[in-house]
Amino acid sequence: MSQQEQWRSKIGFVLAAAGSAIGLGAIWKFPYVAGTGGGGAFLLIFLAFTLVLGMPLLLAEFMIGRMGQSDPIQTYGKLAANNKWNFIGKIGVFTCFILLSFYSVVGGWIILYIIKIFSGGLVGLTQDQYGQLFGEIISNPYSTIAAQLAFMLITILVVAQGVQKGIEVASKIMMPALLLLFLFLVIRSLSLDGAIEGVKFLLVPDFSKLTSGSILFALGQAFFTLSLGVSVMLTYASYLPKTQNLPQSALSIIILNIVIAILAGLAIFPGVFAFGLKPNAGPVLIFSVLPAVFDHMPFGMLFFLAFLLLFLFAALTSAFSMIEIIVAAVTKNDTRRRKKVTWVTGILIFIVGIPACLSYGALADVQLFHKTIFDLMDYTVSNILMPLGALLIAIYVSWKIPKKDLYTELKQGSNVGYALFSICYFLLKYIVPIAIIIVFLDAAGLSHW
Ligand code: PFF
């Protein structure tokens, strides 16, 4: 095995991990699952899951990643001195494979919208026409597959170069830019007539709207947006030196992620209510609301273009992390095989994603368990495999790794107190598994909500 790669700077790691976290989950998915799942009440549950379950899990992945200094599969066996634990990593690698195969479909949609701007096709439409346009764009088999391929090619090209070069540099510029543009967008949305209804929808909880199904979605969403349960964060932490402050890094990533999700909500829901749309419109939400918000302002399309480019960037940095862990697992960090493995993996992912891509067009009628292929893949990954992976990691870390070893690892690079560590440990050992099991049981048997 060759030498583990290393991040070049402390902030580089935080940006790359935040880049993995912030992506379609916070920007595209959060508004529509919150819209379907009850608005403010969903947001509250999502925040609670993020802080109480997400924070200890993120730290857990960071700790064992840096402790193991190995790939996402072997880390588990190495630290527990028993290879049977490697299955946790294998589930993560499989999950990322399926995840990227449909994630790249949505990445492709963003590319198609960028092209549409250049052809002038997004200016001056009515609200209904924006919705229709989305339908037309995503149902065209040729352009969607080509765009999905383009998204995968960018991902492959960057990751084949190696994580530090590919991811770190770009993240340093794009992340702050994304944040700024979002702030601007929120201000713009809040100035629309009727905006306040949207703000109320997102911020005032109405618990009667919550169902067992929507609680499961909130759980899945919390793990999805933080890239948890699939050993991605573990892998990124395996490239870290012992000087990195892990609790501080975890906290910054969580805060950034929450801020972006809330900003996305505040950018979208005022528009939804101002234009008389339904908050539960589903995946179309951001794609039909935002063009209209931008269209009503000076230089709107220029700003929309900037937004789409940053949105694409956010999706790409998440995609990099998904393919990265597969490559790390297959090459066992042998850099000589990185290029070839990245290409083969990327192309396979693209092929597996084609049915998901077509499930908004040619295969729209193909339904399994009352879901299209795309929805089924998303549901399986977000609401089953990721929470399951998170459950296994919580159990593994808190029951297999001695508490004092974890604390020793955490203290390297930070001066976190034992009391604070113990709270996190307690959450990980008892609350995380119990909460995941309860939510699973509660939602068992529900195929839709
Ligand atoms: N966190 C990413 C997002 O919210 O878009 C999705 C994701 C990336 C999930 C990487 C899992 C993962 F391993």
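**Exercise 1. Where does His-370 lie, and is His-370 buried or exposed?**

Work on this predicted model.

Step 1. Place the residue. His-370 sits in the loop between strand E1 (367-368) and strand E2 (371-372).

Step 2. Count its surroundings. His-370 has 9 C-beta neighbours inside 10 Å. A residue with 12 or fewer is exposed. Therefore His-370 counts as exposed.

Step 3. Look at the backbone. The phi of His-370 is near 65°, a positive value in a residue other than glycine. Most residues other than glycine have a negative phi.

**Exercise 2. Find the loop that holds Ala-81, then classify the residue**.

Step 1. Ala-81 is in the loop between helix H4 (74-80) and helix H5 (86-118).

Step 2. Ala-81 has 8 C-beta neighbours inside 10 Å, so Ala-81 counts as exposed.

Step 3. Ala-81 is not a glycine, yet its phi is positive, about 55°.

**Exercise 3. Describe Phe-269: its helix, its burial and its contacts**.

Step 1. Phe-269 belongs to helix H12 (residues 246-274).

Step 2. Phe-269 has 27 C-beta neighbours inside 10 Å. The cut-off for a buried residue is 20 or more. Phe-269 is therefore buried.

Step 3. Set aside the neighbours within four places in sequence. Phe-269 is then in contact with Gly-198, Val-199, Phe-201, Leu-202 and Pro-279.

Step 4. Compare sequence and space. Ala-250 is 19 residues from Phe-269 along the chain, and their C-alpha atoms are separated by 29 Å.

**Exercise 4. Examine helix H1 (10-21) and its residue Ile-11**.

Step 1. Check the span. H1 has 12 residues and reaches 17 Å from its first C-alpha to its last. That is close to the 16 Å expected at 1.5 Å a residue.

Step 2. Check the cover. Nine of the 12 residues of H1 are buried, so the helix is mostly covered. Among them are Phe-13, Val-14 and Leu-15.

Step 3. Turn to Ile-11, which lies in H1. Ile-11 has 15 other C-beta atoms within 10 Å, so Ile-11 is partly exposed.

Step 4. Ile-11 and Glu-168 are 157 residues apart in sequence. In space, they are 8.7 Å apart, C-alpha to C-alpha.

**Exercise 5. Which residues have the most contacts inside the largest nonpolar core?**

Step 1. The largest nonpolar core has 162 residues. Those with the most contacts inside it are Leu-58, Cys-96 and Val-289.

Step 2. Find the main contributor. Helix H14 gives the most to this core, with 18 residues.

Step 3. Take Leu-58. Beyond its neighbours within four places in sequence, Leu-58 is in contact with residues including Leu-226, Met-233 and Ile-254.

Step 4. Look at H14 (300-331) itself. H14 has 32 residues and reaches 46 Å, close to the 46 Å expected. Of its 32 residues, 23 are buried. Just after H14 comes Lys-332, with a positive phi of about 50°.

**Exercise 6. How many residues surround the ligand, and which come nearest?**

Step 1. There are 16 residues around the ligand. Gly-23, Gly-25, Ser-227, Val-232 and Ser-318 come nearest.

Step 2. Sort the shell by class. The shell has nine nonpolar, seven polar and no charged residues.

Step 3. Trace the helices. H1, helix H2 (24-37), H5, helix H10 (212-225) and H14 each supply at least two residues of the shell.

Note on methods: Residues are numbered from 1 along each chain as its sequence is written. This is a predicted model: local features need pLDDT of at least 70, side-chain atom pairs count only at pLDDT 80 or more; totals for chains, interfaces and linings use all residues. Helices (H or I, at least four residues) and strands (E, at least two) are DSSP runs, numbered from the N terminus. Two residues are in contact if their C-beta atoms, placed from the backbone, lie within 7 Å. A residue is near a molecule or strand if its C-beta atom, placed from the backbone, lies within 6 Å of it. Ala, Val, Leu, Ile, Met, Phe, Trp, Tyr, Cys and Pro count as nonpolar, Asp, Glu, Lys and Arg as charged, and the others, Gly among them, as polar. A nonpolar core is a set of buried Ala, Val, Leu, Ile, Met, Phe, Trp, Tyr and Cys residues joined through C-beta atoms within 7 Å. The expected span of a helix is 1.5 Å times one less than its number of residues.
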